[in-house]
Amino acid sequence: MAFPLQLVLGIIGNLTSLALFLSPMATFWGIYKLRSTQKYSGLPYVCTLFTCAFWLLYGAPFVKPHSTLLLTINGAGFLLEIFYVLSFLIFASKKKKMKTLRLIIAMTMAFIMLVVVTIFAMHTHSARQLVAGILCVILSIFMYASPLAVVGLVIRTRSVEYMPFLPSLFNTLNTLVWSGYSVISRDIFLAVPNGIGFLLGIIQLTVYFIYRNSNPVLPASAELPQTKKTDGGFELPIQILIPVEKSKNNKVVSVDTLIADQV
């Protein structure tokens with residue numbers, strides 16, 4: 001009975017993983033329209049890109065045979081993450097672009113070293129699984145934890161604008177399914193990161209539901225997007241700095257109040 005259930009969970013895991021990989025599409029459509037990455041970070045996409053690459057190595061026939069379900073979804077995820085990372089680099093500021101490129105170079109060197117060690121220094125499947133599995137666990141934890149960097153921003157601004165709901169939801173569902181798969185297949189290298197990822201996903205969803213209806217708060221000076229017409233009739237975003245007045249109780253005025261005052 002374990003094998004059919006393992007197969008079913010693996011297929012469901014592929015579907016939830018695909019939904020997770022596709023969920024940033026709306027975010028990148030917004031980035032494309034604004035021609036700016038705004039306050040989004042490239043860290044989650046770089047981490048996910050190399051997490052897929054490391055899992056592809058872990059599921060390779062010379063490391064862990066008969067891991068078709070791991071190969072299919074991580075192959076699809078790898079291609080999608082390449083698209084996200086390239087899109088981020090195109091529209092990111094110079095500072096963000098250089099920071100992201102440095103991270104990509106470092107991760108590429110680490111991946112090449114792992115491939116060389118796995119192929120030439122390890123001569124059994126169990127030894128290769130141990131080396132590749134440990135690194136997959138570490139990187140997967142970073143991938144699941146990387147969106148938490150935005151949680152601080154959400155709490156400070158009381159706005160969930162930069163922590164979209166769908167990626168958080170699919171992340172939680174995905175880690176839950178793969179946790180079940182790892183228990184049935186008795187794969188500790190899948191169990192550890194997905195168990196931790198599920199807990200981190202619950203934290204993200206909790207923060208989202210706490211602040212989703214809150215009035216956003218701006219700092220002492222804030223940028224409001226406006227648009228200007230180009231010769232071709234298209235609207236492009238421009239940024240203006242508007243000082244935010246403080247009330248008598250020294251509280252910062254909310255975005256809604258600021259916009260209403262400007263209108």
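# Helix packing and aromatic pairs around helix 3

Threonine 51 is found in helix 3, and that residue makes a handy starting point for a tour of this predicted model. The chain holds 10 helices and two strands. Read along the sequence, they follow the pattern α-α-α-α-α-α-α-α-α-β-β-α. Below you will find the chain as a whole, then threonine 51, three helix pairs and the aromatic rings.

**The chain as a whole**

- Of the chain's 263 residues, 39% count as buried.
- Among contacts in the chain with a separation of 6 or more, 71% come from residues 24 or more positions apart.

**Threonine 51 up close**

- Threonine 51 counts as buried, because its relative accessibility is 2%, below the 20% cut-off.
- Leaving aside residues up to four places away in sequence, threonine 51 touches Leu139, Ser140 and Met143.
- Methionine 107 is 56 residues from threonine 51 in sequence, while their C-alpha atoms are 9.9 Å apart in space.

**Helix 3 with helix 6**

- Helix 3 spans residues 43-58 and helix 6 spans residues 125-145; the two pack at an angle of about 160°, and their axes are 9 Å apart.
- Because of that angle, helix 3 is roughly antiparallel to helix 6, the cut-off for this being over 145 degrees.
- The crossing in which helix 3 passes helix 6 is left-handed.
- On the helix 3 side, the contact is made by Cys47, Thr48, Phe50, Thr51, Phe54, Trp55 and Tyr58.
- Helix 6 answers with Gln129, Ala132, Gly133, Leu135, Cys136, Leu139, Ser140 and Met143.
- Sorted by class, this contact of helix 3 with helix 6 has 10 nonpolar and five polar residues, with no charged ones.
- The three residues touched by threonine 51, namely Leu139, Ser140 and Met143, appear in the helix 6 list too.

**Helix 3 with helix 4**

- Helix 4 covers residues 68-91, and its axis comes within 8 Å of the axis of helix 3, crossing at roughly 150°.
- Helix 3 is therefore roughly antiparallel to helix 4, and their crossing is left-handed.
- Helix 3 brings Tyr45, Val46, Thr48, Leu49, Cys52, Ala53, Trp55, Leu56 and Tyr58 to this contact.
- From helix 4 come Leu70, Leu71, Asn74, Gly75, Gly77, Phe78, Glu81, Ile82, Tyr84 and Val85.
- The residues of this contact of helix 3 with helix 4 divide into 14 nonpolar, four polar and one charged.
- Thr48, Trp55 and Tyr58 of helix 3 take part in the contact with helix 4 and also in the contact with helix 6.

**Helix 6 with helix 9**

- Helix 6 also packs with helix 9, at an angle of about 5° and with the axes 9 Å apart.
- That angle is why helix 6 counts as roughly parallel to helix 9.
- Helix 6 contributes Gln129, Leu130, Gly133, Ile134, Val137, Ser140, Ile141, Tyr144 and Ala145.
- Helix 9 contributes Phe189, Val192, Pro193, Asn194, Ile196, Gly197, Leu200 and Gln204.
- By class, the contact of helix 6 with helix 9 divides into 11 nonpolar and six polar residues, with no charged ones.
- Ser140 of helix 6, a residue touched by threonine 51, belongs to the contact with helix 9 as well.

**Aromatic rings**

- The count of aromatic pairs comes to 13.
- One of them is tilted: the rings of phenylalanine 165 and tyrosine 208 have centres 5.1 Å apart, and their planes stand at 40°.
- That pair links distant parts of the chain, with phenylalanine 165 in helix 8 (residues 165-185) and tyrosine 208 in helix 9 (residues 188-211), 43 residues apart.
- Phenylalanine 165 is partly exposed, with a relative accessible area of 26%, whereas tyrosine 208 counts as buried at 17% relative accessibility.
- Another pair joins tryptophan 178 and tyrosine 181, whose ring centres are 5.0 Å apart; their planes stand at 75°, so the pair is edge-to-face.
- Tryptophan 178 and tyrosine 181 are three residues apart in helix 8, so about one helical turn separates them.
- Tryptophan 178 counts as buried at 5% relative accessibility, and tyrosine 181 counts as buried at 10%.
- Phe28, Tyr45, Phe83 and Tyr84 form one aromatic cluster, and of these, Tyr45 and Tyr84 also appear in the contact of helix 3 with helix 4.

Terms used: Residues numbered from 1 in each chain as written. Predicted model: local features only at pLDDT ≥ 70, side-chain atom pairs only at ≥ 80, totals over all residues. Heavy atoms only, no water. Axes fitted to C-alpha atoms, helices over the stretch in contact; angles between N-to-C directions. Helix = DSSP H or I, 4+ residues; strand = E, 2+ residues; numbered from the N terminus. Parallel < 35°, antiparallel > 145°, perpendicular 65-115°, else oblique. Left-handed = near helix turned anticlockwise from the far one by under 90°. Contact = heavy atoms within 4.5 Å. Nonpolar A, V, L, I, M, F, W, Y, C, P; charged D, E, K, R; others polar. Phe/Tyr/Trp six-rings, centres within 6.5 Å; stacked < 30°, edge-to-face > 60°. Buried < 20%, exposed > 50% of the residue type's maximum accessible area, 1.4 Å probe, protein only.
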